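Trainee: I am new to this structure and would like a close look at a single part of it. Could you take me through that part slowly, explaining each term as you use it?

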Amino acid sequence: MPLGTLDRTAPPLFNQGPSALSRLVFCSALALLLMVADARFDMVSPVRKAVGAVLSPLQWLALKPVQGVVAAGRYFEDLQGAQRGEAEARRAMVLQAERASQADALAADNARLRALLELRQNTTVPGRAAEVLYDAADPYTRKIVIDQGLTQGIRPGSPVIDEQGVLGQVTLVQPFGSEVTLVVDRNLSIPVQNARTGVRSVAFGDASAGGAGMELRFTSANADVQEGDLLVTSGVDGVYPAGLPVARVERIEKRADTPFARIHCVPMARVGAVRYVMVLAPVGTAAAPASEPAA
């Protein structure tokens, strides 16, 4: 049978209820009525509220993924901002620590320079400030190199002091630097005087102490020397001004096989950690210009 001859209408058995057109007209009229009633009498508001209450959990569940994504984005943004802030704070702390250490170092240097100038004011010998460049390369001597030399008027044999006492003596002068032999060197000797008793003696660098101390030699065992006595320059050598602190007596050893006592001393100067020094003119050369007007 051809398809065009088939009856497309439903059998009478399935034709139940109103037609589609009737349903359309009814639904349209109902919708129009509900709109007019809601606009004029607010009759649908309770229904809307009930529907909103029923759909509220569904809306809450539907918004949760969106809120989670937004919260995650804000979390990562806050995390990155906190990390950047922490990095900046660490850099600021490092800079502040560096500045604080520099300030402490400058304060220590200023204190040492003030002490050095105060010690310089106690003497009438002219002097010149200098900075220590490095230690001498010879491991068998205790010497340092300063940044003042022949062009600045430094002379061989000039005494060198720091803020606490006598440090050594200039033994080699170059055009732009000088070599200073420290008081703890075994080849250096200084005429000293006991500040308590006034007895004069000679202090040598103590070779047996590893170049870190001094020793009073040729002192009789019954001499009036006590531990803690301060030794100052006597000024009899014409090099060191009188009254500069040199060392302090640390230990006295008396032996039966020799009439001399072995007296160990600790230098007053900071022989191992000095940075700024004062180079004084030798007493003999400093006194020479003063005698010319009298002549």
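Mentor: **A strand and its aromatic neighbours**

The place of F218 is in strand β8, where strands (E, at least two residues) and helices (H or I, at least four) are DSSP runs numbered from the N terminus. Before going further, please keep in mind that this is a predicted model, in which local features need pLDDT of at least 70 and side-chain atom pairs count only at pLDDT 80 or more, while totals for chains, interfaces and linings use all residues. Residues are numbered from 1 along each chain as its sequence is written, and side-chain values use heavy atoms, with hydrogens and water left out.

F218 has a positive phi of about 55°, although it is not a glycine. F218 counts as exposed because its relative accessible area is 65%, given that exposed means over 50%, buried under 20% and partly exposed in between (1.4 Å probe, protein chains only).

The ring of F218 also takes part in pairing, for which the rings of Phe, Tyr and Trp (its six-membered ring) must have centres within 6.5 Å, with planes under 30 degrees apart called stacked, over 60 edge-to-face and the rest tilted. By this rule the count comes to 3 aromatic pairs. One of them is formed by F204 and F218, which meet edge-to-face with 6.4 Å from centre to centre and 80° between the planes. That pair links distant parts of the chain, since F204 belongs to strand β7 (residues 200-206) and F218 to strand β8 (residues 213-220), 14 residues apart. F204, with a relative accessible area of 16%, is therefore buried.

Ring pairs go on to join F204, F218 and F260 into a cluster. A charged residue belongs to this picture as well, as R217 lies over the face of F204 at 4.4 Å from the ring centre; a charge sits over a ring if NZ of Lys or CZ of Arg is within 6 Å of the ring centre and within 35 degrees of the ring normal.

On the other side of F218 in the sequence, T219 is likewise found in strand β8. T219 counts as buried because its relative accessibility is 9%. Leaving aside residues up to four places away in sequence, T219 touches S201, V225, P259, F260, A261 and I263, where contact means heavy atoms within 4.5 Å. F260 thus appears twice in this account, as a residue touched by T219 and as a member of the ring cluster with F204 and F218.
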